[in-house]
Amino acid sequence: MSHLCSVGARSLLRQSSRSIHQSRLLLNALPSKNDPTANDKPAGRGSLNDQLFQGKEKSFNFEGDKMPKESQSEIERKYAFYERLKAILLGLGAVGGLMGGFYVWSKWNIIKFKIFNEHDLSKFDEIYEDILKKKQKRAEDEKLEVSTVTNPNDSFVPGLYVCGDNKGGTVSDSGGKQQLVLKRLAFFDGMLLRDVILNGPVGLAITEKGDVYEWGSGFNGKQGKPELVLKDENVVKVQVSKNMVYALNGRGEVLYFPASVADKRRFVGDKGRKYLGLKSYDKKYRKLADFSVKDIACGIDHIVILSKDGQVFTSATGTVRDTNKSYGQYGIPTLTQFDEPPAPHEIHDVVLLNKYKTDERDGNPAIKKRKITKIAAGDYHTLALDDLGYVWSFGKNTHGELAKHVSYETEIVPVPKRIELIQNHFAKNEFPQCIDIAAGGQTSYATFVTSDMYKLFEKTIQEGNNVDLAKLSQDQRDSVSYFAWGHGLKGQLGTGRYVHSEAEPRKIKALEGFTEFNEKSNKLETTTVKDWSIGENHVVATLSNNDVLAWGDNEFGQLGNGKKVKSSKPINIPKLLEPLKTDRAPLTPTQKLIDAANNRLQLKTSDTSTFKTASGKKIKGSIEQVITATGNSTAIFYRRL
C-alpha cells in the first residue's frame, strides 16, 4: 500500500513540476514594471519566446509591451496553487514513506526471509518452543501456588489469612507481587485480632488486647516480621491515610502517628507523665479530638469522625498541607476547589449535616441537631446515615459517587445533600429506610428496607410521632434491597455491568432472593447480607448464613479464587486451603465431585466449629471468622465476640 502511495505521489509531482516550469517561463517573459528597457522592446510577439507561444495567440491580447492585468493575476494564482499542491504531495509522500518504513521494520524478519531467504526455521522453532515452556511453567507455578500449603495449622486455629497485592510485602514474605488465594501469615498463628488494614505498603493489625502491630515496606522499607508500634491503648479500629495511622481506642479517643519508621523518629508526640507524675516524656502519638468518638473513616487525604452524640467532624490528614485542592470531602461550604485545602488535623464541624432548621408549632424557626448513626468514606467523598434512614453525601462526584447526576455544578459538592434518586426504585406507598452504608474508592453502597406507608402512618399516630425507624418489626420490613452507585469500570458495582460512572443507585440483584432451609425453625428463610467490606475496587459480603461473596477488581488476586479475572457480579470464594492430612483416606470420584460442588467459603463461628490453639487445646468463649476487603487485598481474621 505504501509503495502505491509513493508511485502515485511521484507521478503527481512530475505533472505539477511541468506546469510550474511553464508558469515560471511565462512570468520570466513578462516585462517588469521597474524594468527601464521595457518600453524600448518591440511590441508584439517578438518580445517573447516564439516557440513558447506558438499556437496560443488567442490566449493573449498584446497592447504595446504590457500584458493584461487579468492574465498576470491568473498566472500568479496558478503558480501559488501548484506550490501548495507541491507541498501537500511532499507531505503525503513523507507520511507514506514513514508508514512504509514502519511496515518494513515491523515485518523485517518476514521480508528478509522472502527476499534473502535468511530465516533460520530451526531457530524459530526453538524460540517458539521456549516460549511455550515458559508459559507452561508459569501456569504450573500458579497452580502450585494456589494448591500448596506450607503452614501446618488448619482453619480451626486462629490467625490471619491474606491474599491480593503484595508489592509492599504485606501479604506474603515469598517476594511475589501478588497472592491469588487466601494463605496464612505465620506470625499471627494462634492470635485473635480486632481489626486488620492492608493499605498498599502498610499492614496493621490490632491484637485481642488492643495492641497494634505494623509491617510492610511502607513501615520499615523492607519485608519483615510485624513489629509492635502501640501498646496498652486498647485500640479497637485503625485507618491509614497519607502515611499516617489513625487509631480509635476504647476510651473514644483518636490517636495518630506516622506509619514509617523514618517519620516516627522525627515525630513529636503529646506530653505524658510517669513515675507518679514525677517525670515527663514524649508519647508515640498525638490525640486528634477532644470529644468522645464513636467511629472513624478515612479517605486518601481526609478523615471523618463520628462523635458518640451523633455529630460528624472532618479533618485533613497527613503531616503537611500538600493536598492539591479540596474536592468537597471536608463538608465545608466556604471551601471550594479553588481555595487552599485546610491544614492537617484541624477539626471542622460539618454544621449543615449536624444541624437543620425547622418550624415550631408557634411558627417560629428553630435549629435542631440531626443524629448521625453511621459514616463511610471513599477516596474523596463522604457518606452519612441519620437516625431516620436518610443518606447524606458530599465531596467529589466525578463518577456519580454522591448519587447525583454529573454536571459542572455537581462535580464537586462541598455541602451535604440528601440522596433522593433512590426513590425511583420504590412504589409511592413504600417508605424506604436505609439501614447500612459503605464506601470505597469512588463507589458507594447502601442497604434499604421498605415499609408500607399507611401502616407506618397508623403506627406513628398511635405512638405520638416518636417512632424509632431502626426498630421496625420484621413484618413492617417488606423487602431488603442492596444498591451501588459511582465508578464501576472494574465491576465493583456488582450489577453485572462494567460502567465508567453510574449516578443513579442500581440494585445488586444477585444479592437478593437467597433462601436457605433453617433446621432450627424448620422452614425456608431469606438470606440477607450480614456485613460487607469495601476495598479500593473490590467488595466482599458476608451473608447471614456466613457464606461469602466477592466481586470487582481481581488484578492482584484479591478475590481469592486463584485467578486474576475481575467479576462484575458476586461470586463465591473457594474454601480456605488446609494442610494435607496423610492419615485420611483418599477421596472417591463421587466424593471429589461433591467436594468440588461445595467448594465455597463459609466463615466459621463457635456455634458451628470448635477453635483450638496450635498445640490442640480448645479455646473457650465465642469466636468468629471475619473477612474484610482492604486496599487491593483481602484478609480473614479471628475475633472474639
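**Figure 1. Helix α3 and a nonpolar surface patch.** W108 sits in helix α3, which covers residues 108-116. All the views here come from a predicted model, so please read each distance and area as computed from that model. Together with Y103 and V104, W108 makes up a nonpolar patch on the surface. The accessible area of Y103, V104 and W108 together is about 300 Å². W108 has a relative accessible area of 39%, so W108 counts as partly exposed.

**Figure 2. A salt bridge along helix α4.** Have a look at helix α4, residues 121-145, where K133 and E129 both lie. The side chains of K133 and E129 meet in a salt bridge, with 3.8 Å from N to O. The two residues are 4 positions apart, about one turn of the helix. E129 is partly exposed, at 45% relative accessibility. For the wider setting, a search of the whole structure finds 19 salt bridges.

**Figure 3. The largest nonpolar core.** This view goes inside the model, to a nonpolar core of 31 residues, the largest one. Which residues have the most contacts inside this core? They are L204, V212, V238, Y246, I296 and I303. Several strands give two or more residues to the core: β4 (202-207), β6 (227-230), β7 (235-241), β8 (244-249), β9 (254-258), β13 (293-298) and β14 (302-307). Of these, β8 gives the most, with 5 residues. A second core, separate from this one, has 19 residues, among them V540, V548, A550 and I623.

**Figure 4. The open sheet with β7, β8, β9 and β12.** Here 4 strands form an open sheet in the order β7-β8-β9-β12, and their pairing is antiparallel. Which strands are at the edges? They are β7 and β12 (286-287), each of which pairs on one side only. Between β7 and β8, the antiparallel pairing runs over 6 bridges. One place to find in this view is V235, whose bridge partner in β8 is N249.

**Figure 5. A salt bridge between two loops.** R251 and E233 form a salt bridge here, and their closest N and O atoms are 2.7 Å apart. R251 belongs to the loop between β8 and β9, while E233 belongs to the loop between β6 and β7, so the pair ties together parts that are 18 residues apart in sequence. Are the two residues buried or exposed? R251 is partly exposed, with a relative accessible area of 45%, whereas E233 is buried, at 10% relative accessibility.

**Figure 6. A link between β19 and β23.** K374 and D436 form a salt bridge in this view, with the closest N and O atoms 3.1 Å apart. K374 is in strand β19 (residues 372-377) and D436 is in strand β23 (residues 430-440), and the pair links distant parts of the chain, 62 residues apart. K374 is partly exposed, at 34% relative accessibility, whereas D436 is buried, with a relative accessible area of 17%. Elsewhere, E233, R251, E253 and K287 are joined into one network by salt bridges that share partners.

**Figure 7. The hairpin of β17 and β18.** Strands β17 (residues 355-359) and β18 (residues 365-369) run antiparallel and are joined by 5 bridges. K355 has K369 as its bridge partner in β18. The hairpin has 5 residues between the strands, and G363 takes a positive phi near 90 degrees. A366 is in strand β18 and counts as buried, at 16% relative accessibility. From A366 to Y356, the C-alpha to C-alpha distance is 8.4 Å, with 10 residues of separation in sequence.

**Figure 8. Two buried cysteines.** This last view turns to C163 and C434. C163 is buried, with a relative accessible area of 0%. C434 is also buried, at 3% relative accessibility. How many disulfides does a search of the whole structure find? The search finds 0.

Conventions:
Residues are numbered from 1 along each chain as its sequence is written. This is a predicted model: local features need pLDDT of at least 70, side-chain atom pairs count only at pLDDT 80 or more; totals for chains, interfaces and linings use all residues. Side-chain values use heavy atoms; hydrogens and water are left out. A nonpolar core is a set of buried Ala, Val, Leu, Ile, Met, Phe, Trp, Tyr and Cys residues joined through side-chain atoms within 4.5 Å. Buried means under 20% relative accessible area, exposed over 50%, partly exposed in between (1.4 Å probe, protein chains only). Two strands pair if DSSP finds at least two bridges between them. Patches are made of residues with over 30% relative accessible area and no salt bridge: like charges are joined within 9 Å, nonpolar side chains (Val, Leu, Ile, Met, Phe, Trp, Tyr) within 5 Å. Accessible areas come from the Shrake-Rupley method with a 1.4 Å probe; for residues, only the protein chains shown count as cover. A salt bridge is a side-chain nitrogen of Lys or Arg within 4 Å of a carboxyl oxygen of Asp or Glu. A disulfide is a pair of cysteine sulfur atoms within 2.5 Å.
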